[in-house]
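Here is a friendly walk through one protein chain, with the sequence and the 3D view to follow along. Keep both open as you read.

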Amino acid sequence: MTWAQTLADVPTDTVARAASLWRETVLERVGSSANLVYRLVSGNYLRLTHSNLRDVTAVAAGVDWARWLEMHGANVSVALESMSGCLIERIGDWLATVWRGVDGQSLGDTINDAQLELWGAAAGLTHKASAGYEPRAVMTSSGAVLPERFELLTFWRNIEPVVRKDTELLEAYRRLTPWLETLPSDELLTCHGDFRPANAIWDGSSVWIIDFDEPVLACLEYDVARAMSRDQ
């Protein structure tokens, strides 16, 4: 079964039940990628993913890191505790989180100079706040779990079978691999991993970062490269 097929099979009552654990009501579905995303009546957002696609330690990684960033001064959306005091609730095979909504609009291809500068400032705040980050236990409805710490080099090695299908990609992959393998560990920090306009919200005066599904231990230039990617 594919990722899309798995997410398409979420039972209707699972969505409503998940929202109710935060005393929330679903307004509409607004996204489907790594998660199913629903806007709630309150303006917050429910995110559901199947545990076969992303286990609880992977979900906890983004939850914990975002809360650390907020504590250290970054403009970010964070996961909220459910009525039972959990940041992640399990409903059958599904994992649910609710994230604080940010009033505003996603940055698009028509970013003006002022927004671009503030987006860069938001990135700087995020990277500054990430210094010294160490994963902490996250409370779930199944008990406390320690977040998975995902390294860019692990991801890089996992994509080799894919890049082998393209000669030019494979050549670039082989050139870059030795460089990645020799990066000093003291130059690495937890990065967003999906730092693009769709995951940045303009509220009229500042930029907020959202969507913490892919935190990764890497050099900060990784986020810069993602921001410059054509895949927006």
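The buried residues of helix 2 pack against strand 1 (26-32), strand 2 (36-40), strand 3 (45-50), strand 4 (89-91) and strand 5 (94-99). Contact here means heavy atoms within 4.5 Å. Helices (H or I, at least four residues) and strands (E, at least two) are DSSP runs, numbered from the N terminus.

Which residues of helix 2 (residues 12-20) are buried? They are Thr-14, Val-15, Ala-18 and Ala-19. Down the helix axis, these buried residues fall within an arc of 130°, so they line one face of helix 2; the arc is taken from the directions from the helix axis to the C-beta atoms. An α-helix has 3.6 residues a turn, so residues three or four places apart point the same way. On the face turned away from the buried side, helix 2 carries the exposed residues Thr-12 and Asp-13. "Buried" stands for under 20% relative accessible area, "exposed" for over 50%, and "partly exposed" for anything in between (1.4 Å probe, protein chains only).

A word on where this comes from: it's a predicted model, where local features need pLDDT of at least 70, side-chain atom pairs count only at pLDDT 80 or more, and totals for chains, interfaces and linings use all residues. Residues are numbered from 1 along each chain as its sequence is written, and side-chain values use heavy atoms, with hydrogens and water left out. The pLDDT is the predictor's confidence in each residue, from 0 to 100. For the protein chain the mean is 91, and 97% of residues reach 70 or more. Confidence is lowest in helix 1 (residues 3-8), with a mean of 70, and highest in strand 7 (residues 138-140), at 98.

Back to strand 2, which is home to Leu-40. Leu-40 counts as buried, at 0% relative accessibility. Beyond its neighbours within four places in sequence, Leu-40 touches several residues, among them Ala-19, Thr-25 and Val-98. Thr-25 sits 15 residues from Leu-40 in sequence, yet their C-alpha atoms are 5.6 Å apart.

Now for two residues that have a positive phi without being glycine:

| Residue | Phi | Place | Relative accessibility |
|---|---|---|---|
| Arg-23 | near 55° | loop between helix 2 and strand 1 | 68%, exposed |
| Asp-211 | about 65° | loop between strand 11 (207-209) and strand 12 (216-218) | 16%, buried |

Last stop: Met-228, in the segment after helix 8 (221-227). Met-228 counts as exposed, at 68% relative accessibility.
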